[in-house]
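Here are some notes to read alongside the model, written for someone new to looking at structures. Take them one at a time, and find each place on screen as you go.

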Amino acid sequence: MDKIVILDFGGQTTQLIGRRIRDKGVFTDIYHGEITLEELDLTDVKGIILSGSPYSVYEEGAPEPDYRIFDLGLPILGICYGFQRINTFFGGKVESLSTKEYGRAPVQLLKKNPLFQDIKDGFLSWMSHGDSISEVAPGFELLGVSEHHPAAVYNSEKNIYAIQFHPETSHCEQGFDILGNFALKICKANPEWNMDKYIELECNKIRQKVGDKSVLLLISGGVDSTVAGGLLLKALPSKQVHLMYIDTGLMRKNESEEVANNLKMLGAENLYLINAEDRFLSPLSGIEDPEAKRKIIGDMFIKVQEEEVLRNQIPSDAFLAQGTLYTDLIESGKGVGKKAQVIKSHHNVGSPLVEAKRNAGLIIEPLEMLYKDEVRQLGAILGLNKEVVHRHPFPGPGLGIRVLGEVSKEKCDILREADWIYINELRKRKLYDKIWQAFAVLLPVRSVGVTGDARDYSFVLALRAVTSSDGMSADVYDFPTKDLLEISNMITNSVKEVGRVVYDISSKPPSTIEWE
Ligand code: XMP
């Protein structure tokens with residue numbers, strides 16, 4: 001399948017570049033910006049994009065591409081920092097100028113060029129740069145200018161394009177079409193990417209890899225693992241597919257029953273539903289540190305899983321399938337960006353068992369190239385019901401990281417009840433689908449209140465609701481005050497242990513979506 005490679009230098013919107021091009025039907029692959037040509041798989045690659053970056057090209061440690069990419073004869077497009085890298089490499093100048101450009105800026109087009117085919121002269125671009133091109137490199141001609149700076153250049157001999165603005169953001173007028181022009185008209189990539197094609201390719205891949213061996217998939221109850229299960233059951237005879245669901249006691253209300261029903265609906269034959277509440281809650285007793293809690297939960301998952309695999313006689317050479325998404329890999333520091341930091345240790349990436357299976361070549365991650373909304377699309381095509389497909393993400397460690405500080409069954413029960421009221425109300429009020437993720441958090445503080453005429457000393461509960469496209473960044477959901485007040489009231493009226501409700505108004509960054 002034809003594809004476009006994106007080299008990521010750490011820009012905020014690199015993911016979006018990929019999404020926009022996929023939306024035009026062309027597959028994209030993102031690599032860290034400093035990958036060498038030897039490491040890069042160039043099969044079916046029709047063009048390369050250099051992303052933006054928080055760095056300035058002259059800063060120490062600023063990432064640089066392997067410059068031999070300019071000799072491959074493939075069309076190249078540099079965006080923002082990518083532009084500045086190209087310009088300095090070919091002998092132009094980049095400076096921090098006094099007139100910086102942020103926000104909307106009209107671009108005057110100077111020449112006809114396929115990059116701007118059907119793009120109107122004077123379109124409003126989206127700028128976000130402190131440094132600017134002060135001298136365009138020899139061999140490059142100006143295609144467009146903003147009020148103060150070169151906005152687009154082209155080197156016809158090398159087939160290299162560079163633009164200062166961000167076509168991937170929704171604020172850039174016709175930006176998606178500019179990216180589409182690059183992928184389809186300049187790179188001439190065949191638009192072969194769509195979900196049906198993906199299912200066909202992925203099912204073939206799974207069948208080829210697995211042969212007649214067994215596959216084990218741990219189901220968390222979330223969208224990702226359920227969709228991964230659906231895909232496995234489509235690719236393989238159901239007797240080869242073993243689905244294991246571990247109830248950690250850290251699940252939401254009614255979750256286990258719903259998961260079991262969904263999997264049966266998918267045609268699962270080998271379904272193992274394991275109640276391990278005590279096994280998870282005992283080692284968590286007395287533990288307050290979030291990373292320690294994550295580790296305990298992650299390790300216990302592996303332990304319970306290993307024991308259950310033996311007990312249920314799942315073959316030792318079984319493949320392990322995971323519903324890992326692209327964004328999970330990135331946040332765990334495993335994906336793009338050499339300098340990527342581990343923000344949180346997602347337990348479904350890189351556990352010893354996963355690594356062992358990976359080293360033995362026994363791992364399948366059929367969703368690893370997908371973003372959440374693509375997974376939802378896939379789930380719908382596989383026939384999962386709307387409620388499962390549009391379910392908000394739920395972290396692997398579950399309520400273990402939503403009961404802040406020490407976790408206990410009593411606290412989980414309180415949180416389960418409050419969260420259930422919150423989510424149910426969102427559904428009833430038709431707010432659920434406007435929100436990327438909503439949940440309640442039980443704080444390790446109590447506050448004074450008054451019920452009847454008596455003094456109360458009860459828990460504080462925080463409500464979180466964010467909008468996002470992939471969980472990598474998030475905005476606070478602008479909650480209608482009336483709904484918020486009514487929901488808060490319902491919770492304090494029904495859950496007697498909660499005496500106060502607060503609403504979390506922090507975006508990501510600087511906060512993360514989960515509190516721990
Ligand atoms: P944060 O809190 O890092 O979360 O902003 C980003 C997204 O990832 C989810 N999340 C997890 N998912 N295992 C998971 O499978 C984890 O350990 C984990 N921690 C966070 C979080 O709910 C949000 O959707």
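Contact here means heavy atoms within 4.5 Å. Keep in mind that this is a predicted model.

1. **A histidine and its contacts.** With that meaning of contact in hand, start at His 242, which lies in strand 12, residues 241–247. Which residues does His 242 touch, not counting residues up to four places away in sequence? They are Ser 214, Val 215, Leu 216, Leu 217, Asn 270, Tyr 272 and Ile 314. His 242 has a relative accessible area of 8%, so it is buried.

2. **The domains.** Now zoom out to the whole protein chain. The domain assignment gives domain 1 as 3–186, domain 2 as 195–389 and domain 3 as 402–503. The centres of domain 1 and domain 2, taken over C-alpha atoms, are separated by 37 Å.

3. **Two helices that meet.** Next, please look at helix 4 (residues 195–210) and helix 11 (residues 372–381). They pack with their axes 10 Å apart, at an angle of about 80 degrees. Angles of 65 to 115 degrees count as roughly perpendicular, and helix 4 and helix 11 are therefore roughly perpendicular to each other. On the helix 4 side, the residues that meet helix 11 are Met 195, Asp 196, Tyr 198 and Ile 199. Helix 11 brings Glu 374, Gln 377, Leu 378 and Ile 381 to the meeting. Sorted by class, this contact has 5 nonpolar residues, 1 polar residue and 2 charged residues.

4. **An enclosed helix.** Helix 1 covers residues 14–23, and 8 of its 10 residues are buried, so it is largely enclosed by the rest of the structure. Which residues of helix 1 are buried? They are Thr 14, Gln 15, Ile 17, Gly 18, Arg 19, Arg 20, Ile 21 and Arg 22. You may like to pause on the arginines in that list: Arg 19, Arg 20 and Arg 22 are buried here. After helix 1 comes Gly 25, with a positive phi near 95 degrees.

5. **Cysteines.** How many disulfides does the structure hold? The count is 0. Take Cys 172 as an example: it is in no disulfide, and the nearest cysteine sulfur, belonging to Cys 80, is 12 Å away. A disulfide would need the two sulfur atoms within 2.5 Å. Cys 172 has a relative accessibility of 4%, so it counts as buried. Cys 203 is buried too, with a relative accessible area of 4%.

6. **Backbone angles worth a second look.** Most residues other than glycine have a negative phi, and most peptide bonds are trans. Asn 159 is not a glycine, yet its phi is positive, at about 60 degrees. You will find Asn 159 in the loop between strand 9 (150–155) and strand 10 (160–163), where it is partly exposed with a relative accessible area of 22%. Lys 430 also has a positive phi, near 55 degrees. Its place is the loop between helix 13 (409–428) and strand 16 (437–451). Is Lys 430 buried or exposed? With a relative accessible area of 66%, Lys 430 is exposed.

7. **Cis peptide bonds.** Please also check the segment after strand 19 (498–503), where Pro 509 is found. Lys 508 and Pro 509 are joined by a cis peptide bond, with omega about -15 degrees. The bond from Pro 509 to Pro 510 is cis as well, with omega near 5 degrees.

8. **A leucine in a loop.** Leu 72 sits in the loop between strand 3 (45–50) and strand 4 (76–79). At 32% relative accessibility, Leu 72 counts as partly exposed. Leaving aside neighbours within four places in sequence, its contacts are Leu 37, Leu 42 and Ile 48. Leu 72 and Leu 37 are 35 residues apart in sequence, and their C-alpha atoms are 9.7 Å apart in space.

9. **A pair of glutamates.** Finish with Glu 307, which lies in helix 8, residues 290–311. Glu 307 is partly exposed, at 36% relative accessibility. Between Glu 307 and Glu 425 there are 39 Å in space, C-alpha to C-alpha, and the two are 118 residues apart in sequence.

Definitions and conventions:
Residues are numbered from 1 along each chain as its sequence is written. This is a predicted model: local features need pLDDT of at least 70, side-chain atom pairs count only at pLDDT 80 or more; totals for chains, interfaces and linings use all residues. Side-chain values use heavy atoms; hydrogens and water are left out. Axes are lines fitted to C-alpha atoms, for helices over the stretch in contact, and angles run from 0 to 180 degrees between N-to-C directions. Helices (H or I, at least four residues) and strands (E, at least two) are DSSP runs, numbered from the N terminus. Angles under 35 degrees count as roughly parallel, over 145 as roughly antiparallel, 65 to 115 as roughly perpendicular and the rest as oblique. Ala, Val, Leu, Ile, Met, Phe, Trp, Tyr, Cys and Pro count as nonpolar, Asp, Glu, Lys and Arg as charged, and the others, Gly among them, as polar. Domain bounds come from an automatic or database domain assignment. Buried means under 20% relative accessible area, exposed over 50%, partly exposed in between (1.4 Å probe, protein chains only).
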